[in-house]
Amino acid sequence: MIEIRRITVLFMLIGLLAPVLGCVAVSSPTIGPALQKQSLELAKQLEQSGMLLDDPELTAYVSSVGSRIVAEAESSPVPAFAFAVLDAPEPNAFSIPSGHVYISRGLLVLLENEDELAGILGHEVAHVLEQHSLKQTAGSLTFAPIRLVTAVGGGLVGLALPRVGGAVQATGEVPAALAGASYGRSQENEADRVGQDLAIRAGWDPSGLPRVMDALAAQQRIYGQDPGAISWFATHPPSPDRAARLRERAAAVDRTAGESVAIPRRDFLARLEGLVVGESAAGGVFVGNTFFHPGLGIAVHFPAGEGWIYLNTERAVAAAREQPPAAVILELVAKGDDALAAAKAFEPKAGKLDAPPAPERVNGLETAYATGGVKRRWGKPSIRASARWIAFDGYVYRILSESTDSGYARFAEDFDAAERSLRALAPADREQIFERRLRIVEARDGEALSALLDRVGSTWDAAQAAAANGIETSHRFAAGELVKVTRREAYSSEL
């Protein structure tokens with residue numbers, strides 16, 4: 001998945017993003033300097049990619065729980081831990097050797113209480129404490145691509161034309177074992193045990209982690225297992241008896257009444273209320289074939305019709321098709337109002353321009369336009385491309401169109417229309433932008449789950465809501481029981 005997620009990505013592109021990680025100091029580092037450097041580079045990539053949720057209060061809360069977990073560790077291989085929330089819809093959490101721990105808003109939505117949050121964070125902290133990533137590579141720092149920061153790659157000509165299901169590609173390389181790599185069963189068992197012990201010593205109910213596993217398993221039953229999906233189970237493979245073993249271990253702990261440090265469930269859910277469920281509209285949305293970005297204040301019309309798919313990514317927004325292969329790609333390329341200067345600074349990765357970029361005023365905006373191509377041999381089709389740079393509201397955008405020679409001739413009018421379409425977002429456009437948000441409602445006495453969902457207008461069906469609330473679809477509520485639901489709401493930057 002690729003998207004310009006929100007306005008912070010704009011600042012990432014021009015080097016102005018401020019840190020949003022919460023840090024917790026611990027003991028002196030013992031991991032090697034090379035691994036420490038590479039881990040910090042990965043953390044920097046994640047921070048600069050716009051993938052961290054810009055919610056200081058929630059980040060501070062997650063950090064406060066994480067800090068209490070870390071405080072129970074007798075020693076640590078890193079000087080400090082840092083906790084952050086990923087602005088990602090998939091339920092996921094992971095850690096890297098430098099002590100950076102991440103949990104997605106998609107996983108937070110599934111949590112029922114603070115004990116479950118402590119269980120997940122304890123598990124990820126344990127992976128760092130036990131240096132599982134280092135052991136996974138046996139000391140090797142071999143580089144391999146991973147899908148963290150993604151982009152529709154390429155320049156004006158020579159772009160590898162996106163294929164359906166294959167338009168996302170890695171932009172950089174970091175050690176694969178630092179994130180995204182599956183742990184072995186023994187390492188998972190050790191992280192379960194160590195993390196559970198840390199949570200117990202810090203004062204949380206150790207049954208939190210197995211309850212999270214149950215919720216994730218329910219999600220997999222509903223949505224199926226997509227091999228390309230990013231999820232906690234993808235990098236933390238479950239075993240048939242894993243959750244049962246953790247429940248048995250939790251039940252054996254002697255915890256007297258009044259020991260728990262967990263805040264009440266009502267207070268925990270209040271911290272999650274308003275979280276976006278699914279894709280965030282702040283990073284732009286497609287309504288039909290038109291892309292609206294409320295943060296940047298722009299609208300762009302992409303080609304429409306059968307065969308076109310639409311991608312919203314960290315680095316670019318695109319419409320692409322497989323047969324004939326073609327793509328129209330929107331990118332933010334520079335700060336300023338000089339479209340021609342930005343165009344002249346462009347260097348094709350392959351092929352050549354037909355002529356230097358030429359200035360042209362379009363829809364009252366300063367633009368620059370160029371065409372080019374690359375000739376292919378050995379039976380590969382040649383590529384024809386065009387690009388328009390548009391200055392708008394202090395930034396320069398580029399809309400790139402390309403296809404094979406025959407494809408370009410077929411879509412020439414569509415390409416030209418798209419390249420000329422960038423405009424200011426109108427009030428009527430904003431009225432078309434919606435997203436789903438988590439809301440907490442009170443049930444009526446004896447109310448069935450399906451009836452409650454109908455009453456409050458939830459976008460979840462009964463199976464989805466049951467999984468998110470840790471109940472059966474046949475559940476009937478007591479009066480005042482708190483229930484997580486989702487609602488389709490008009491986008492507002494103030495939420």
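## A buried histidine in helix α5

In this predicted model, the side chains of H123 and E188 make a polar contact at 3.3 Å (a pair of N or O atoms within 3.5 Å, where within protein one must be able to donate a hydrogen and the other to accept it, and residues adjacent in sequence count only if both atoms are side-chain atoms). H123 lies in helix α5, residues 114-129, and it counts as buried because its relative accessibility is 0% (buried is under 20% relative accessible area, with a 1.4 Å probe and protein chains only). Beyond residues up to four places away in sequence, H123 touches E188, A191, D192, G195, L209, W232, H236 and R242 (heavy atoms within 4.5 Å).

## Nonpolar cores

The largest nonpolar core (buried Ala, Val, Leu, Ile, Met, Phe, Trp, Tyr and Cys residues joined through side-chain atoms within 4.5 Å) has 63 residues, and F81, I103, L108, L117, V125 and L452 have the most contacts inside it. Helix α5 supplies the largest share of this core, with 8 residues. A second, separate core of 23 residues includes I298, V300, V317 and A326.

## An open antiparallel sheet

Strands β10, β11, β12 and β21, in that order, form an open sheet with antiparallel pairing (two strands pair if DSSP finds at least two bridges between them; helices, H or I, of at least four residues and strands, E, of at least two are DSSP runs numbered from the N terminus). Its edge strands, β10 (285-287) and β21 (423-424), each pair on one side only. Between β10 and β11 (residues 290-293) there are 3 bridges, and V285 stands opposite F292 in β11.

## Basis of the values

Residues are numbered from 1 along each chain as its sequence is written, and side-chain values use heavy atoms, with hydrogens and water left out. Local features need pLDDT of at least 70 and side-chain atom pairs count only at pLDDT 80 or more, whereas totals for chains, interfaces and linings use all residues.

Key
Buried < 20%, exposed > 50% of the residue type's maximum accessible area, 1.4 Å probe, protein only.
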